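Please find below some comments on the model, set out as numbered points for discussion at the bench. They are best read with the structure open alongside.

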Amino acid sequence: MADPSRSRILLALLDAPGYPAQLSRRLGMTRTNVSNHLACLRGCGLVVAVPEGRQTRYEIADPHLTVGIRALMDAVVAVDEGSLCVDPDCVCCVPGARS
């Protein structure tokens with residue numbers, strides 16, 4: 001999930017299964033790159049590959065995972081690194097103080 005390309009692929013698969021060529025066009029990535037990332041996601045157990053004749057459909061491996069990713073997306077907060085934290089005891093915004 002730390003890789004932006006894999007995150008984009010997972011997000012694209014949240015609503016519906018996808019195929020490498022379709023994901024490639026949708027995400028503006030090469031098909032080879034998408035296929036490599038899908039192999040990694042499959043190896044981690046995040047997606048499953050479903051053979052359909054000469055094509056392979058990819059989908060999120062478990063519905064619980066879909067719920068978890070959606071919950072994570074709902075909880076993500078954008079951080080403006082130029083703004084100071086409103087908590088006077090916080091050191092998250094002090095240069096060199098990140099843990």
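1. Which residue does the side chain of Arg57 meet in a salt bridge at 3.0 Å, N to O? In this predicted model, the partner in that salt bridge is Glu59, a residue that counts as partly exposed with a relative accessibility of 23%.

2. Arg57 also forms a salt bridge with Glu52, where the closest N and O atoms are 2.2 Å apart. Glu52 is likewise given as partly exposed, at 30% relative accessibility, and a network of salt bridges links Glu52, Arg57 and Glu59.

3. The structure as a whole holds 3 salt bridges, and one of them joins the side chains of Arg70 and Asp15, with an N to O distance of 2.9 Å. This pair links distant parts of the chain, since Arg70 belongs to helix 4 (residues 63-75) while Asp15 sits in the loop between helix 1 (4-13) and helix 2 (20-27), 55 residues apart. The two side chains are placed in separate accessibility classes by their values: Arg70 counts as partly exposed at 36% relative accessibility, whereas Asp15 is exposed, with a relative accessible area of 62%.

4. On the strands, strand 1 (residues 47-52) pairs with strand 2 (residues 55-60) in the antiparallel sense, over 6 bridges. Within this pairing, Pro51 has Thr56 of strand 2 as its bridge partner. The hairpin that these strands make has 2 residues between them, and Gly53 takes a positive phi near 65° there.

5. Why does a search of the whole structure find 0 disulfides, given that the closest cysteine sulfur to that of Cys40 belongs to Cys44? The two sulfur atoms are 4.4 Å apart, which is too far for a bond, because a disulfide calls for a pair of cysteine sulfur atoms within 2.5 Å. Cys44 is accordingly in no disulfide, its nearest cysteine sulfur being that of Cys40. As for accessibility, Cys40 counts as partly exposed at 31%, while Cys44 is exposed, with a relative accessible area of 55%.

6. Turning to the interior, the largest nonpolar core has 16 residues, and those with the most contacts inside it are Ile9, Leu10, Leu13, Leu23 and Leu38. Helix 1, helix 2, helix 3 (31-43) and strand 2 are the elements that give two or more residues to this core, and the largest share, 4 residues, comes from helix 1. As general background, nonpolar side chains in soluble globular proteins tend to be buried together.

7. Ile9 deserves a separate look in the viewer. Once its neighbours within four places in sequence are left aside, Ile9 is in contact with Leu23, Leu27, Met29, Val34, His37, Leu38 and Leu41. Among these contacts, Leu23 and Leu38 are also named, together with Ile9, as residues with the most contacts inside the largest nonpolar core.

8. Is Thr66, a residue of helix 4, buried or exposed? Thr66 counts as buried, because its relative accessibility is 17% and the limit for that class is under 20%. Not counting residues up to four places away in sequence, Thr66 touches Leu14 and Ile60.

Note on methods
Residues numbered from 1 in each chain as written. Predicted model: local features only at pLDDT ≥ 70, side-chain atom pairs only at ≥ 80, totals over all residues. Heavy atoms only, no water. Salt bridge = Lys/Arg side-chain N within 4 Å of Asp/Glu carboxyl O. Buried < 20%, exposed > 50% of the residue type's maximum accessible area, 1.4 Å probe, protein only. Pairing = 2+ DSSP bridges. Contact = heavy atoms within 4.5 Å. Core = buried A, V, L, I, M, F, W, Y, C linked by side-chain atoms within 4.5 Å.
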